[in-house]
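Biologist: Hello! I am new to this one; could you walk me through it?

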Amino acid sequence: MRLAHAADIHLGHRQYGLKQRAVDTRLSFQHFLSAATDQDADAIVIPGDLFDSRDVRPETLQDVEALLEDVTRPVLVSPGNHDQNMSRRRDLTWLEYLNDRGLITLLAADLTDEGPTFTRTDPDEPTTGGGGFVDLETGDELVRCFGLQYRGAYVERELPDVAAAIRTVNERESTPDTTVLLAHFRNEG
């Protein structure tokens with residue numbers, strides 16, 4: 001299985017306040033999508049920060065919709081810190097909107113007091129708000145992709161629980177050939 005990976009795309013970012021920098025970012029994303037197609041990637045994975053801000057300008061949203069409408073393979077996205085607001089949760093994020101339109105498959109864990117859980121989603125039938133994991137198959141190879149939304153300082157403490165939740169899914173479902181976690185965080189050290 002061939003996966004095309006890009007993170008920290010930051011669509012809509014106007015570096016130095018210049019509109020041209022937002023255009024450059026969009027063109028880079030367009031080039032990446034084209035290269036993924038040319039390299040015959042089976043899926044595109046974006047673990048965080050597709051957008052630069054949760055307050056997406058209309059022209060940025062229009063651009064990304066037009067670019068994603070031409071993509072013929074699954075686009076798997078997990079939310080990064082720029083894609084969501086950590087203090088005030090909106091009823092609908094832009095990633096959820098793109099998921100509900102069938103342009104991306106949004107992957108994020110269900111976070112509860114008992115720990116994270118992951119629910120199956122089907123990229124061909126979007127679930128409102130997304131799901132926790134998706135199975136990708138090519139030939140006789142099964143790749144299971146999980147998504148974890150940005151967790152900030154909590155990630156180090158939560159990763160063992162995330163790993164346990166992934167093992168639970170893999171024990172309950174058929175065992176995949178490969179397991180992938182889309183998550184947006186930095187490594188210290």
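Modeller: Below we go from the whole chain to single residues, one question at a time.

Biologist: Lovely. How many helices and strands does the protein chain have, and in what order do they run?

Modeller: Please keep in mind that this is a predicted model. The secondary structure comes to 4 helices and 9 strands. Read from the N terminus, the order of the elements is β-α-β-α-β-α-β-β-β-β-β-α-β.

Biologist: What radius of gyration does the protein chain have?

Modeller: The C-alpha trace spans about 50 × 40 × 35 Å along its principal axes. For 189 residues, a compact globule would have a radius of gyration near 16 Å, and the value for the protein chain agrees with that: 16 Å.

Biologist: What share of the residues in the protein chain is buried?

Modeller: Let us begin with the outside: the chain exposes about 10,500 Å², and carbon and sulfur atoms supply 45% of that area. Buried here means under 20% relative accessible area. Of the 189 residues, the buried part is 44%.

Biologist: And how far apart do the centres of the positive and negative side chains lie?

Modeller: There are 19 positive and 34 negative side chains in the protein chain. The centres of these two sets are separated by 7 Å.

Biologist: Now the sheet with parallel pairing: in what order do its 4 strands come?

Modeller: Strand 2, residues 43–47, and strand 3 run parallel and are joined by 4 bridges. Strand 3 and strand 4 also run parallel, with 2 bridges between them. The sheet is open, and its order is 1-2-3-4.

Biologist: Which strands stand at the edges of that sheet?

Modeller: In general, strands of a sheet pair through backbone hydrogen bonds. In this sheet, two strands have a single partner strand each, so one side of each is left without a neighbour. They are strand 1 (3–5) and strand 4 (105–106).

Biologist: Which residue stands opposite Leu 76 in strand 4?

Modeller: Leu 76 belongs to strand 3, residues 75–78, where both faces are covered: Val 75 and Val 77 are buried on one side, Leu 76 and Ser 78 on the other. Towards strand 2, the bridge partner of Leu 76 is Val 45. In strand 4, the residue opposite Leu 76 is Thr 105.

Biologist: Is His 10 buried or exposed?

Modeller: His 10 lies in the loop between strand 1 and helix 1 (19–38). Its phi is positive, about 60°, although His 10 is not a glycine. Because its relative accessibility is 15%, His 10 counts as buried.

Biologist: What is the relative accessible area of Asp 49?

Modeller: Asp 49 sits in the loop between strand 2 and helix 2 (58–69). Asp 49 has a positive phi too, near 60°, in a residue other than glycine. Asp 49 is buried, and its relative accessible area is 1%.

Biologist: Last stop, Arg 101: which residues does it touch, leaving out those up to four places away in sequence?

Modeller: Arg 101 is found in the loop between helix 3 (94–100) and strand 4. With 39% relative accessibility, Arg 101 counts as partly exposed. Val 143 is 42 residues from Arg 101 in sequence, and their C-alpha atoms are 24 Å apart in space. The residues that Arg 101 touches are Glu 65 and Glu 69.

Methods:
Residues numbered from 1 in each chain as written. Predicted model: local features only at pLDDT ≥ 70, side-chain atom pairs only at ≥ 80, totals over all residues. Heavy atoms only, no water. Rg over C-alpha atoms; globule rule 2.2 N^0.38 Å. Buried < 20%, exposed > 50% of the residue type's maximum accessible area, 1.4 Å probe, protein only. Areas by Shrake-Rupley, 256 points an atom, 1.4 Å probe, with all protein chains shown as cover. Lys, Arg positive; Asp, Glu negative; His and termini not counted. Charge placed at Lys NZ, Arg CZ, Asp CG, Glu CD. Pairing = 2+ DSSP bridges. Contact = heavy atoms within 4.5 Å.
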